[in-house]
Amino acid sequence: MALWRAYQRALTAHPWKVQVLTAGSLMGLGDIISQQLVERRGLREHQAGRTLTMASLGCGFVGPVVGGWYKVLDRLIPGTAKVDALKKMLLDQGGFAPCFLGCFLPLVGTLNGLSVQDNWAKLQRDYPDALITNYYNLFQSICTLIFVGILLGRILPYNPVPTPPELSPLMVCLQGTAWGAQPQLDRKVEHRAN
């Protein structure tokens with residue numbers, strides 16, 4: 001609990017920095033989980049560059065973009081009632097998620113050295129599966145719970161530090177960690193193509 005309270009205090013004092021570092025850490029962790037538990041690479045075959053790329057994407061793209069989006073979303077739809085949560089989830093998943101994935105996938109391709117033509121072909125091939133995976137993800141209910149504001153101590157009487165609204169990106173990154181730890185989309189698409 002002390003570590004959690006320290007995290008909340010840091011988040012309250014430096015929301016942008018903490019969101020960015022959290023996103024990077026969790027994306028790096030998701031890649032480690034993927035390589036070690038899903039792909040079973042072992043430490044000798046672990047691709048450290050891939051993990052650093054994912055952590056960098058978290059710090060340089062996911063953290064700032066998702067953090068900024070949730071600030072905009074809270075201004076567009078103020079409130080924490082269940083109907084507000086539903087509106088936020090629908091706007092987030094119907095508007096933001098398709099745009100975010102449409103930017104994220106080509107950015108990953110570029111960082112992996114794909115040419116413009118290969119990146120475009122990969123986006124056309126992978127985007128529908130990535131979007132479907134996003135929508136059918138087992139963790140989608142977390143989005144609704146985030147916006148209602150009942151997660152991580154907001155309703156727990158023993159939590160003396162109120163959970164700031166900036167915590168929403170943390171939950172999305174936790175969701176992304178689980179999503180990133182799933183078998184790689186590339187392997188699924190390549191297997192289906194064969």
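**View 1. Asp 31, a buried residue in helix α2.** Here we zoom in on Asp 31 in a predicted model. Asp 31 has a relative accessibility of just 4%, and buried means under 20%, so Asp 31 counts as buried. Its home is helix α2, which covers residues 15-38. What does Asp 31 touch, leaving aside residues up to four places away in sequence? The list is Gln 47, Arg 50, Thr 51 and Met 54. Helix α3 takes in residues 48-76, so look there for Arg 50, Thr 51 and Met 54.

**View 2. Helix α2 from end to end, and what follows.** Does the length of α2 agree or disagree with what its residue count leads us to expect? With 24 residues at 1.5 Å a residue, α2 should span 34 Å. The C-alpha atoms at its ends are 32 Å apart, which agrees. While you're following the chain, stop at Arg 40, just after α2. Arg 40 takes a positive phi there, about 55°.

**View 3. A nonpolar patch on the surface.** Three residues make this patch: Val 72, Leu 76 and Leu 91. Together they give a nonpolar surface patch of about 240 Å². Leu 91 sits in helix α4, residues 82-111. Is Leu 91 buried, partly exposed or exposed? Its relative accessible area is 33%, which falls between the 20% and 50% cut-offs, so Leu 91 is partly exposed.

**View 4. Where to trust the model, and where to be careful.** Averaged over the protein, pLDDT is 77, and 70% of the residues score at least 70. Which helix has the highest confidence, and which the lowest? Helix α3 has the highest, with a mean of 90, while helix α8 (residues 185-193) has the lowest, at 44. Two stretches stay under 50 in pLDDT: residues 150-164 and residues 181-194. The model has 32 contacts beyond four places in sequence for residues 150-164, and 24 such contacts for residues 181-194.

**View 5. Stepping back to the whole protein.** How many helices and strands does the protein have? There are eight helices and zero strands, so reading from the N terminus you meet α-α-α-α-α-α-α-α. Of the 194 residues, 40% count as buried. Among contacts with a separation of 6 or more, 69% join residues 24 or more positions apart. The accessible surface comes to about 10900 Å², and carbon and sulfur atoms account for 67% of that.

Conventions:
Residues are numbered from 1 along each chain as its sequence is written. This is a predicted model: local features need pLDDT of at least 70, side-chain atom pairs count only at pLDDT 80 or more; totals for chains, interfaces and linings use all residues. Side-chain values use heavy atoms; hydrogens and water are left out. pLDDT is the predictor's confidence in each residue, from 0 to 100. Helices (H or I, at least four residues) and strands (E, at least two) are DSSP runs, numbered from the N terminus. Contact means heavy atoms within 4.5 Å. Buried means under 20% relative accessible area, exposed over 50%, partly exposed in between (1.4 Å probe, protein chains only). The expected span of a helix is 1.5 Å times one less than its number of residues. Patches are made of residues with over 30% relative accessible area and no salt bridge: like charges are joined within 9 Å, nonpolar side chains (Val, Leu, Ile, Met, Phe, Trp, Tyr) within 5 Å. Accessible areas come from the Shrake-Rupley method with a 1.4 Å probe; for residues, only the protein chains shown count as cover. A salt bridge is a side-chain nitrogen of Lys or Arg within 4 Å of a carboxyl oxygen of Asp or Glu.
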